[in-house]
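Okay, thanks for coming, everyone. I'll take a few minutes to walk through one structure, so have a look at it first.

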Amino acid sequence: MASTTSPDGLTSEPADPQDRAAHSLPPKSYAQAVNKEEAAPMDQQEQEQRVNGSATNGERSNGTETVDGSTNGERSNGNGMVNGHKEKVDDAKVLYKEPTSQNGQIPLTSIKPSEEYEEGLRHNAEAAPHKDVGPGVEKGMKKRQDVPIAQQAAPHLASGRQAGAGWQNSAIRWAPLNVPLQRRLQTLAVLWHTTTIPIFLSLFFLLCAIPLTWPLLIPYLLYILLISEDSTNGTLSRRSNWLRRSKFWSAFASYFPARLHRTVQLEPTRKYIFGYHPHGIISHGAFAAFGTEALGFADLFPGITNTLLTLDTNFRVPLYRDYALAMGLASVSRESIENLLSRGGHNGEGMGRAVTIVIGGARESLDAQPHSLRLVLKSRKGFVKLAIRTGADLVPVLAFGENELYEQVDSEEHPWIHNLQMVVKKGLGFTVPLFHARGIFNYDVGLLPYRRAVNVVVGRPIKVVQQGGRDGKVDEKYLDEVHQRYVDELLWLWNEYKDTFATDRTGELEIVE
């Protein structure tokens, strides 16, 4: 198709894409029409046709009214038209119209932002602050423009802290909720044994707060403080074998677990003094092995009645003393030991009886450090003298793992604390180690012992020749000899079984003081 001539004599380009391609012209875009400053005005006849609502060559009126009253679909904002080509709609837009040709083509109409509005946008963009973006990010941004949205990688998410994550990183290890019932009973048994004195004291003070109980409590206090000799008379009249054999103590012993081992059999026709080492913090191994029948003492040593000895002050605690007597405990006083080993038994003179003494006492508890063994024994000869007086054989007992049950402040690193503890011991007869282990619901903080194995090994007996009549005098040379034999037997126990029960040791057995 040849180029057409407009009414004003100008030659216009063909609008049909095929004709433009035949003349080697690029596709006609509306941008060319936008850049035209002037266009030929419509002739009077065409304007009249549009006013009358007529349509030429398929054109239709859309019923819109122009500034001059025509209904040719053109709009004006009152600023007028320049040859029907360009008019201003408002401050931000300009209306463009493509003039109609001679063949009656429908004019192309559009709205484009005004030059002032675009200039204002460019000015605001230049004046706005820009955030520096690295070259890698900038390259990535350009790349994302070329990739379809469905194929673009998800943006990196920045998340806040996770609620409760601190529990996982806590230094305290908390016990899970799904602990088996057996382990809960074991913990309950150890908790009971550890807190029996506070529990009975609290119960006593609670009863004191009730005036109706005073007629019973006052005579009871007078009896235990002034009259009772149950803890020292050696009769064991308050001892309850049913309570000692209770399954409750099996749960207690299996908590660690604790085991009792025998090296040789003991004759039931003799009497014995068991020396328990080390003291540890609370001597849980001694209570499990000799204060109850949980570890089978009566089965390993048939015919022998053993009594665990404790401080005499424990039998001055209301209510607790009755519980201790029922467990078969007795006072560690000289009178109590002599009565136990000279009365009762198979012949009425103590044959077949035994007592267990924790030799190191409160002083040794201050040296109870895990993976080490320091025994206060050099100056402890009183129990040897009692053995010679009563004619009882000495039996050393070594408890591997007793010191591992608790952690405590090291006396060498904190000497002032150690000195204060020694002052308390001299004044009150006992000391208070600064210790800790685990709790009921955690594994790191609390007063319950750790679940670590305790192996109580009973050594070979050291036969003693009875000395000291009514005057009670004992040959000092013989006393030192028996004491040294006892120490040698204790060292033999350590060397014989340390590789079996003390594999984590950091040193050898030390005997101090």
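Let me start with a quick one: is Leu226 buried or exposed? Keep in mind that this is a predicted model. Leu226 is exposed, because its relative accessible area comes out at 68%, and the cut-off for exposed is over 50%. If you want to find it, Leu226 is in helix H9, which covers residues 214-227. And it has company out there: Leu226 belongs to a nonpolar surface patch of about 750 Å², together with Trp214, Ile218, Leu222, Tyr223, Leu225 and Ile227.

Now, what does the record say about this part of the chain? UniProt, in an unreviewed entry, lists residues 190-214 as a "transmembrane region". In the model, that stretch is 76% helix and 0% strand, with its end C-alpha atoms 33 Å apart.

Okay, another leucine. Leu405 sits in the loop between strand S12 (393-400) and strand S13 (407-408). Leu405 is buried, with a relative accessible area of 0%. So what is around it? Setting aside neighbours within four places in sequence, Leu405 touches Phe256, His284, Ala437, Pro449, Tyr450, Arg452 and Val454. There's also Arg451, 46 residues away along the chain, yet the two C-alpha atoms are separated by 7.2 Å.

Val454 takes us straight to strand S15, residues 454-458. Here 5 of the 5 residues are buried, so S15 is largely enclosed by the rest of the structure. As a reminder, side chains in a regular strand alternate between the two faces of the sheet. In S15 both faces are covered: Val454, Val456 and Val458 are buried on one side, Asn455 and Val457 on the other.

Which strands pair with S15? One is strand S6 (258-262), which runs parallel to S15 and is joined to it by 5 bridges. Arg262 stands opposite Val458 there. S12 also pairs with S15, in the antiparallel sense, over 4 bridges, and in that pairing Phe400 is opposite Asn455.

Last stop, helix H17, residues 382-390. Why call it largely enclosed? Because 7 of its 9 residues are buried, namely Phe383, Val384, Leu386, Ala387, Ile388, Arg389 and Thr390. Those buried residues pack against strand S7 (272-277), helix H15 (334-342), strand S10 (353-358), helix H19 (476-501) and our friend S12. Right after H17 comes Gly391, with a positive phi near 75°.

That's my tour, so over to you.

Technical notes: Residues are numbered from 1 along each chain as its sequence is written. This is a predicted model: local features need pLDDT of at least 70, side-chain atom pairs count only at pLDDT 80 or more; totals for chains, interfaces and linings use all residues. Side-chain values use heavy atoms; hydrogens and water are left out. Patches are made of residues with over 30% relative accessible area and no salt bridge: like charges are joined within 9 Å, nonpolar side chains (Val, Leu, Ile, Met, Phe, Trp, Tyr) within 5 Å. Accessible areas come from the Shrake-Rupley method with a 1.4 Å probe; for residues, only the protein chains shown count as cover. A salt bridge is a side-chain nitrogen of Lys or Arg within 4 Å of a carboxyl oxygen of Asp or Glu. Helices (H or I, at least four residues) and strands (E, at least two) are DSSP runs, numbered from the N terminus. Buried means under 20% relative accessible area, exposed over 50%, partly exposed in between (1.4 Å probe, protein chains only). Contact means heavy atoms within 4.5 Å. UniProt positions are given in the numbering used here, feature names are shortened, and annotations may be inferred rather than shown by experiment. Two strands pair if DSSP finds at least two bridges between them.
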